[in-house]
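Student: I have a new model open and want to learn how to read it. Where do we start?

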Amino acid sequence: MVARLVVAAPSSGSGKTTVATGLMAAFSAAGLAVSPHKVGPDYIDPGYHALATGRPGRNLDAYLCGPELVSPLFAHGARGCDLAVVEGVMGLYDGASGQGELASTAQVAKLLRAPVVLVVDASSQSRSVAALVHGFASWDPEVRIGGVILNKVGSARHEALLREALDESGVPVLGALGRAQQVQAPSRHLGLVPVAERRAEAVESVAALASRVREGCDLEAILGLARSAPALSGDTWDPVAVGACGASFPNPAPSRNWGSAPDPGPQTPDGLEVSPDGLKSESRRPVVAIAGGAAFSFSYAEHAELLAAAGADVVTFDPLHDEQLPDGTAGLLIGGGFPEVYAPELSANEPLRKAVAELALGGAPVAAECAGLLYLTRELDGKPMCGVLDARARMSERLTLGYREAVAVSDSALAAVGTRMRGHEFHRTVVEPGAGAAPAWGLHAPERRVEGFVQQGVHASYLHTHWAAEPGIARRFVERCTA
């Protein structure tokens with residue numbers, strides 16, 4: 001059993017990230033092993049969570065992975081920890097559009113049987129806070145609101161009025177944070193600036209959040225609430241069990257049933273788990289290079305774990321600074337990030353752009369999501385990119401955001417025709433044309449269209465997917481690396 005709690009709010013902008021990250025950092029500083037989690041597909045908040053805890057931030061997304069994987073993925077990430085803190089998404093009961101509670105914080109809290117700490121922006125209310133909290137606590141009897149943290153409190157008198165009102169609600173106040181104590185992280189067109197782009201400043205921000213939470217919250221009561229969560233039944237997700245491909249090169253010993261995950265081995269600075277160095281020298285395991293650094297900081301930790309379990313050696317590189325791909329690269333994964341912010345620097349690294357183009361044009365498997373798609377085009381905002389795809393990319397005023405139902409319409413290194421996946425789009429860029437002669441995906445919502453590019457070994461698309469939902473993707477990719 002892992003002590004756990006979910007940090008939620010009535011709406012976005014209430015202070016969930018502030019409180020969740022502050023709690024993670026405060027409890028970690030107190031000597032607890034804290035497992036950080038984020039509801040939904042967001043990549044940026046988990047970066048701050050990882051900084052606060054020293055462990056990879058992991059996502060729990062009931063839409064991308066299915067409700068049945070939420071608890072197993074949580075158990076995998078929280079293995080060996082004293083406490084797990086799960087930051088919610090949007091408002092507590094907000095989920096996938098038009099699909100009820102699916103992918104909501106409330107659904108994840110119920111699947112984890114975890115108590116909820118409700119963060120309330122109290123800046124413009126006093127006694128009304130009791131009605132708001134009562135409504136959230138009584139809306140779904142399966143959701144247990146274990147306490148409230150009041151945020152943006154104006155004064156001692158304001159706090160006293162709020163606490164008096166909440167005395168009538170029966171929901172305990174676990175903390176109060178003043179307006180003057182706000183710790184801000186810089187934002188831009190897609191939200192907070194990722195940790196990878198401001199690490200020194202982010203370290204200071206996280207330390208300040210920990211101090212603020214220690215001063216304003218009852219950590220002992222919060223930990224007691226987390227420890228009141230009942231034991232979870234069911235399996236623990238195991239990348240070895242679901243990802244072993246049975247190829248001729250050595251693999252970690254597979255297990256028929258989900259159980260305790262193996263030791264994760266050494267980690268890269270970005271938190272990606274890789275295979276032990278001994279295997280690199282003793283075997284013919286193919287090298288799969290994963291783009292990292294400030295321009296490509298979006299990646300789910302499970303992808304690297306699945307690739308390693310399927311028989312690959314996973315090595316990260318930074319397209320902003322490395323002029324060559326890692327030695328022996330047989331496959332390439334370029335995830336999400338902000339190449340539009342670093343277009344001049346990426347363009348200036350001509351040796352790497354040529355190396356990527358040579359690898360892709362030689363038929364090696366290349367998987368590119370969103371930022372990776374932009375990097376493979378001929379140009380981004382007029383700056384030359386890798387030129388693998390006959391397309392151009394540019395910034396746009398329009399935000400494209402939302403979950404998608406997708407089906408593979410072209411055979412690729414990732415998926416056979418007909419493979420169904422759920423994904424997520426989040427970008428303010430446009431690629432023209434939006435699809436190649438062999439598109440990657442057919443999307444069913446919100447409108448029917450084809451999207452992305454499949455050519456030779458390249459699969460490039462705006463769609464972010466979570467491979468835990470379809471571990472055959474990692475097996476297929478590694479098998480193509482050895483073909």
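Tutor: Start with one residue. At 3% relative accessibility, tyrosine 63 is buried. Keep in mind that this is a predicted model.

Student: Which ring does tyrosine 63 pair with, and how are the two planes set?

Tutor: Look at the centres, then at the angle. Tyrosine 63 and tyrosine 403 have ring centres 4.2 Å apart and planes at 25°, so they are stacked. The cut-off for stacking is planes under 30 degrees apart.

Student: Where in the chain do tyrosine 63 and tyrosine 403 sit?

Tutor: Tyrosine 63 is in the loop between β3 (58-60) and α3 (70-78). Tyrosine 403 belongs to strand β16 (residues 392-408). The two are 340 residues apart, and their pair links distant parts of the chain.

Student: Which charged end sits over the ring of tyrosine 63?

Tutor: That of arginine 422, 4.3 Å from the ring centre.

Student: How many aromatic pairs does the whole structure have?

Tutor: A full search gives 8. One of them joins tyrosine 93 and phenylalanine 136. Their centres are 5.9 Å apart and their planes meet at 25°, so this pair is stacked. Tyrosine 93 lies in the loop between β4 (83-87) and α4 (105-112), and phenylalanine 136 in helix α5 (residues 128-139). They are 43 residues apart. Phenylalanine 136 is buried, at 18% relative accessible area.

Student: Which residues do ring pairs link into a cluster?

Tutor: Tyr43, Phe298, Tyr300 and Phe338.

Student: Now helices. How many residues of α3 are buried?

Tutor: Count residue by residue. In α3 it is 8 of the 9, so the helix is largely enclosed by the rest of the structure. Among them are Val70, Leu73, Phe74 and His76. Just after α3, glycine 80 has a positive phi of about 85°.

Student: And how many residues of α11 are buried?

Tutor: There it is 9 of the 9, so α11 too is largely enclosed by the rest of the structure. The buried residues include Glu302, His303 and Glu305, along with Leu306 and Leu307. Glycine 311, just after α11, takes a positive phi of about 115°.

Student: In which sense do β10 and β11 pair?

Tutor: Follow the bridges. Strand β10 (residues 287-291) and strand β11 (residues 313-317) pair in the parallel sense, over 5 bridges. Valine 288 faces valine 314 of β11. Between the two strands the chain runs through helix α11 (residues 301-309), and this β-α-β crossover is right-handed.

Student: What should I look for in the backbone angles?

Tutor: Exceptions to the rule. Most residues other than glycine have a negative phi, and most peptide bonds are trans.

Student: What phi does lysine 152 have?

Tutor: A positive one, about 60°, although lysine 152 is not a glycine. Lysine 152 sits in strand β6 (residues 145-153). Its relative accessible area is 23%, which makes it partly exposed.

Student: Is glutamine 456 buried or exposed?

Tutor: Exposed, at 54% relative accessibility. Glutamine 456 also has a positive phi, about 50°, and is not a glycine. You will find glutamine 456 in the loop between β20 (453-455) and β21 (458-461).

Student: Which two residues does a cis peptide bond join?

Tutor: Glutamate 432 and proline 433, with omega about 0°. Proline 433 is in the loop between β17 (420-432) and β18 (441-443).

Student: How far is phenylalanine 426 from threonine 400, in sequence and in space?

Tutor: Check both scales. The two are 26 residues apart in sequence and 5.5 Å apart in space, C-alpha to C-alpha. Phenylalanine 426 is in strand β17, and is partly exposed at 26% relative accessible area.

Student: Now the overall picture. How many helices and strands does the protein have?

Tutor: It has 15 helices and 22 strands. Of the 483 residues, 58% are buried. Among contacts with a separation of 6 or more, 74% come from residues 24 or more positions apart.

Student: What pLDDT does the protein average?

Tutor: The average is 89, and 89% of the residues score at least 70. Over residues 245-282, though, the pLDDT is below 50. In the model that stretch has 82 contacts beyond near neighbours in sequence.

Conventions:
Residues numbered from 1 in each chain as written. Predicted model: local features only at pLDDT ≥ 70, side-chain atom pairs only at ≥ 80, totals over all residues. Heavy atoms only, no water. Pairing = 2+ DSSP bridges. Helix = DSSP H or I, 4+ residues; strand = E, 2+ residues; numbered from the N terminus. Right-handed = clockwise from strand over helix to strand, strands pointing away. Buried < 20%, exposed > 50% of the residue type's maximum accessible area, 1.4 Å probe, protein only. Phe/Tyr/Trp six-rings, centres within 6.5 Å; stacked < 30°, edge-to-face > 60°. Lys NZ or Arg CZ within 6 Å of the ring centre and 35° of its normal. pLDDT = per-residue confidence, 0-100. Contact = heavy atoms within 4.5 Å.
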